[in-house]
Amino acid sequence: MSHTINAALVGYGFAGQTFHAPFLATTPGLTLRWVVSRDAAKVQAALPGTRVGTLEQVLADDSLDLVVIATPNDTHAPIAREALLAGKHVVIDKPFALDLAEAKALVELAEKRQRLLSIFHNRRWDGDFLTVRRLLAEGALGQVAQFESHFDRYRPEVGGRGRGGGGAGAGVWLFLLPQKIDKYIHLLLQPHR
């Protein structure tokens, strides 16, 4: 018998609703048990039967294995720390942390607690990324001399809420730049499988 991973999603804004909840609710071996959200009615309408509660309630659930964090960027590391201390595995939507010291502290805590700590980069599964990765692995592109990547995104004004709003960790740089850095690392710096 295989183990089902019981998961909680912390944050049900755009990223939580669009990327994380569908993945957690439909992937074999994963069960979405909890969602932390201020809007229980919205969660229940989309995910009937899923419990909606506070972070404290989620972390107190001993049957829970995994916490997925899709909240504003400045809350990623503090919530991840609480989840690790509660003995949960953690997946954090990018960016992982706001600075290197915060990131190192989380990695050290995860190692000490023997918990998985990972960053969610949904762009690793886009068709263009997978195609370029395969072509590089096959040697079809030869020696790469230049790499150019961009998102075609027309939005002259950044939204005022969540990741687009003001405050620590907000704005377009921390919203999109981690995707670019991740793409560069996984396409050009790591050996191709």
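**Architecture, cores and surface features of the predicted model**

Read along the sequence, the protein follows the pattern β-α-β-α-β-α-β-α-β-α-β-α-α, an arrangement built from seven helices and six strands. The model is a predicted one, and the values reported here were computed from its atoms. Of the 193 residues of the protein, 37% count as buried, while the surface that the protein exposes amounts to about 11,500 Å², with carbon and sulfur atoms supplying 56% of that area. Among contacts between residues at least 6 apart in sequence, 62% join residues that are at least 24 apart.

The interior was examined next. In soluble globular proteins, nonpolar side chains tend to be buried together. The largest nonpolar core of the model holds 24 residues, of which Val58, Val67, Val90, Ile92, Leu106 and Leu117 touch the most other members. At least two residues of this core are supplied by each of strand E1 (5–10), strand E2 (30–36), helix H3 (55–60), strand E4 (66–69), helix H4 (76–85), strand E5 (89–93) and helix H5 (100–113). Helix H4 gives the most to this core, with five residues. Apart from this core lies another, of 16 residues, which includes Ala7, Ala15, Leu32 and Ala70.

The surroundings of individual residues fill in this picture. When neighbours within four places in sequence are left aside, Val67 is in contact with Ala8, Val10, Val58, Leu59, Ala83, Lys88, His89, Val90 and Val91. His20, placed in helix H1 (residues 14–26), has a relative accessible area of 3% and is therefore classed as buried; not counting residues up to four places away in sequence, His20 touches Leu9, Ala15, Val68, Ala70, Asp93 and Phe120. Leu187 has its place in helix H7 and, at 2% relative accessibility, likewise counts as buried. Although Leu187 and Arg133 are 54 residues apart in sequence, their C-alpha atoms are 5.9 Å apart in space.

A search of the whole structure finds two salt bridges. In one of them Asp61 is paired with Arg51, the closest N and O atoms being 3.8 Å apart. Asp61 lies in the loop between H3 and E4 and Arg51 in strand E3 (residues 51–53), so the pair ties together parts that are 10 residues apart in sequence. With a relative accessible area of 12%, Asp61 is buried, whereas Arg51, with a relative accessible area of 41%, is partly exposed. In the other salt bridge Arg134 is paired with Glu138, and here the closest N and O atoms are 3.3 Å apart. Because Arg134 and Glu138 are four residues apart in helix H6, they are separated by about one helical turn. Arg134 counts as partly exposed at 42% relative accessibility, while Glu138, at 53%, counts as exposed.

Aromatic contacts were considered in the same survey. A pair of aromatic rings is described by the distance of the centres and the angle of the planes. The count comes to one aromatic pair, formed by Phe14 and Phe19 in an edge-to-face arrangement, with 5.8 Å from centre to centre and 90 degrees between the planes. Phe14 has a relative accessible area of 58% and is therefore exposed, whereas Phe19, with a relative accessible area of 30%, is partly exposed.

Finally, the surface carries a nonpolar patch of about 620 Å², made by Val132, Leu141, Val144, Phe147, Ile181, Tyr184, Ile185 and Leu189. Helix H7 (residues 172–189) gives the most to this patch, with four residues. One of the patch members, Leu141, lies in the loop between helix H6 (127–138) and H7. The relative accessible area of Leu141 is 44%, so this residue is classed as partly exposed, and the value satisfies the patch requirement of over 30%. Helix H7 thus appears both in the nonpolar surface patch, to which it gives four residues, and as the place of Leu187, a residue that counts as buried.

Terms used: Residues are numbered from 1 along each chain as its sequence is written. This is a predicted model: local features need pLDDT of at least 70, side-chain atom pairs count only at pLDDT 80 or more; totals for chains, interfaces and linings use all residues. Side-chain values use heavy atoms; hydrogens and water are left out. Patches are made of residues with over 30% relative accessible area and no salt bridge: like charges are joined within 9 Å, nonpolar side chains (Val, Leu, Ile, Met, Phe, Trp, Tyr) within 5 Å. Accessible areas come from the Shrake-Rupley method with a 1.4 Å probe; for residues, only the protein chains shown count as cover. A salt bridge is a side-chain nitrogen of Lys or Arg within 4 Å of a carboxyl oxygen of Asp or Glu. Buried means under 20% relative accessible area, exposed over 50%, partly exposed in between (1.4 Å probe, protein chains only). Rings of Phe, Tyr and Trp (its six-membered ring) pair if their centres lie within 6.5 Å; planes under 30 degrees apart count as stacked, over 60 as edge-to-face and the rest as tilted. A nonpolar core is a set of buried Ala, Val, Leu, Ile, Met, Phe, Trp, Tyr and Cys residues joined through side-chain atoms within 4.5 Å. Contact means heavy atoms within 4.5 Å.
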